[in-house]
Amino acid sequence: MSGGGQAVLAIEGELTIYRAAELCEELKAAQASAAELEINLAGVTEMDSAGVQLLMAAKKSAQVTQRTLRLVGHSPAVLEVFEILDLAAHFGDPLVMPAAAH
């Protein structure tokens with residue numbers, strides 16, 4: 001394990017195939033730099049299957065290297081994809097659902 005401590009990576013904008021290569025490198029660098037990585041998803045405006053794959057790969061990498069990965073601040077776009085694909089349990093992070101509009 002080369003990195004220690006904690007790091008936070010905030011993803012802004014699209015978490016889609018159009019940014020997959022860029023975000024993959026950011027995730028790898030962030031994971032290598034810290035034993036604990038928190039990924040803030042509050043700024044994610046759109047998410048597709050490539051975004052899901054990136055997060056799943058990051059989770060698997062964290063498990064293999066015995067590091068901690070937490071997803072926080074799930075945006076409505078992320079919550080929608082996680083709900084459709086029933087992924088909340090896979091990542092194991094608490095999801096804060098927005099209050100229903102009346």
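This short talk covers the largest pocket and the salt bridges of the structure shown above.

Before anything else, please keep in mind that this is a predicted model, and that every value I mention has been computed from it.

Let me begin with the pocket. The largest pocket has a volume of about 190 Å³, and 13 residues line it. If you want to find its centre on the screen, look for Leu-27, Lys-28, Gln-31, Ala-58 and Ser-61, which are the lining residues that lie nearest to that point. Which helices supply the lining? Two of them, helix 1, spanning 20-33, and helix 2, spanning 49-64, each give at least two residues to it, and helix 2 holds the largest share, with six residues. As for the chemical character of this lining, seven of its residues are nonpolar, four are polar and two are charged.

I turn now to the salt bridges, of which the structure holds three, and I will take them one at a time.

One of them pairs Arg-19 with Glu-22, with 3.1 Å between the closest N and O atoms. The two partners do not fall in one accessibility class: Arg-19, at 18% relative accessibility, counts as buried because the cut-off for that class is under 20%, whereas Glu-22, at 40%, counts as partly exposed.

Another salt bridge joins the side chains of Glu-36 and Arg-70, at 3.5 Å from N to O. Here the secondary structure is worth following, because Glu-36 belongs to strand 2, residues 36-47, while Arg-70 belongs to strand 3, residues 68-72, and the contact therefore ties together parts that are 34 residues apart in sequence. Glu-36, at 32% relative accessibility, counts as partly exposed, and Arg-70, at 23%, is also placed in the partly exposed class.

What else does Arg-70 form a salt bridge with? Its other partner here is Glu-38, and in that pair the closest N and O atoms are 3.9 Å apart; for a reader who cares about thresholds, the distance criterion for a salt bridge is within 4 Å. Since Arg-70 sits in strand 3 and Glu-38 in strand 2, this pair ties together parts that are 32 residues apart in sequence. Taken together, the salt bridges that share partners link Glu-36, Glu-38 and Arg-70 into one network.

To close, the two pictures to carry away are a pocket whose lining draws its largest share from helix 2, and a salt-bridge network made up of Glu-36, Glu-38 and Arg-70.

Note on methods
Residues numbered from 1 in each chain as written. Predicted model: local features only at pLDDT ≥ 70, side-chain atom pairs only at ≥ 80, totals over all residues. Heavy atoms only, no water. 1 Å grid on protein atoms, 1.4 Å probe; cavity = no way out; pocket = protein on both sides within 12 Å on 5 of 7 lines; lining within 4 Å. Points joined across faces, edges and corners; volume = space filled by probe spheres on them. Helix = DSSP H or I, 4+ residues; strand = E, 2+ residues; numbered from the N terminus. Nonpolar A, V, L, I, M, F, W, Y, C, P; charged D, E, K, R; others polar. Buried < 20%, exposed > 50% of the residue type's maximum accessible area, 1.4 Å probe, protein only.
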